[in-house]
Amino acid sequence: MALGRSNKLPPAAGLRQILKRCSSLGRKENNGELPVDVPKGHFAVYVGEKRRRFIVPISLLENPEFQSLLQLAEEEFGFEHGMGLTIPCEEVVFCALTSELR
């Protein structure tokens, strides 16, 4: 029995893509300058109906609960929409989850 190939990125490649687009590791703005509000080792996400911006540590990417949020984000919005990484959950839920994980 042959296994079908998924069109989803492998976890490591997907995480690298997210980091490149949303963090100080790979994204340059303002004439080649790194964004000053995203410290090294962090990345920005947008959460909730009003798309509130949060800066979170890259270490959260290793957490299974946060990975579930990323999977939901990919399913709902995809990663190629140019808005930044948008997490489809309420701000209160996101804050509670990330405060437990840090």
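This report describes the fold, the sheet, the aromatic cluster and the last helix of a predicted model.

## Overall architecture

The chain contains three helices and three strands, and, read from the N terminus, these elements follow one another in the order α-β-β-α-β-α. Of the 102 residues in the chain, 32% count as buried. Among the contacts in the chain with a separation of 6 or more, 44% are accounted for by residues that stand 24 or more positions apart.

## The sheet

The three strands form an open sheet with the order β2-β1-β3, and the pairing within this sheet is mixed. Strands β2 (52-57) and β3 (85-87) are the edge strands, each of them pairing on one side only. On average, and with direction ignored, neighbouring strands of this sheet are turned by 40° against each other. Strands of a sheet can pair in either a parallel or an antiparallel way, in both cases through backbone hydrogen bonds.

Both kinds of pairing involve β1. With β2, strand β1 pairs in the antiparallel sense over six bridges, and in this pairing His 42 stands opposite Pro 57 of β2. The two strands β1 and β2 form a hairpin with four residues between them, and Gly 48, which lies in the turn, has a positive phi of about 85°. With β3, by contrast, β1 runs parallel, and three bridges join the two strands; here Val 47 stands opposite Ile 87 in β3.

## Helices across the sheet

Two of the helices are placed across the strands. Helix α2 lies across β1, β2 and β3, and its direction is at about 105° to that of β3. Helix α3 also lies across β1, β2 and β3, running at about 10° to β2.

## The aromatic cluster

A search of the whole structure finds three aromatic pairs. In one of them, the rings of Phe 43 and Phe 66 have their centres 6.2 Å apart and their planes at 75°, and the pair is therefore edge-to-face, since that class takes planes over 60 degrees apart. Because Phe 43 lies in strand β1 (residues 42-47) and Phe 66 in helix α2 (residues 64-76), this pair ties together parts that are 23 residues apart in sequence. Both Phe 43 and Phe 66 are buried.

Phe 66 also forms an aromatic pair with Phe 94, and this one is tilted, with 6.4 Å from centre to centre and 55° between the planes. It links distant parts of the chain, with Phe 66 in helix α2 and Phe 94 in helix α3, 28 residues apart. The relative accessible area of Phe 66 is 0%, so this residue is buried, and Phe 94, with a relative accessible area of 1%, is buried as well. Taken together, Phe 43, Phe 54, Phe 66 and Phe 94 form one aromatic cluster.

## The two faces of helix α3

The buried residues of α3 are Phe 94, Leu 97 and Thr 98. They cover an arc of only 90° around the axis, and therefore they lie on the same side of α3. The elements that cover these buried residues of α3 include β1, β2, α2 and β3. On the face of α3 that is turned away from its buried side, the exposed residues are Val 92, Ser 99 and Glu 100.

Within this helix, which spans residues 91-101, Thr 98 joins a polar side chain to a buried position. Its relative accessibility is 5%, and because buried means under 20% relative accessible area, Thr 98 counts as buried. The side chain of Thr 98 reaches the backbone oxygen of Cys 95 at 3.3 Å.

Definitions and conventions. Residues numbered from 1 in each chain as written. Predicted model: local features only at pLDDT ≥ 70, side-chain atom pairs only at ≥ 80, totals over all residues. Heavy atoms only, no water. Buried < 20%, exposed > 50% of the residue type's maximum accessible area, 1.4 Å probe, protein only. Polar contact = N/O pair within 3.5 Å; in protein donor to acceptor, adjacent residues only side chain to side chain. Phe/Tyr/Trp six-rings, centres within 6.5 Å; stacked < 30°, edge-to-face > 60°. Pairing = 2+ DSSP bridges. Axes fitted to C-alpha atoms, helices over the stretch in contact; angles between N-to-C directions. Contact = heavy atoms within 4.5 Å. Arc of directions from axis to C-beta.
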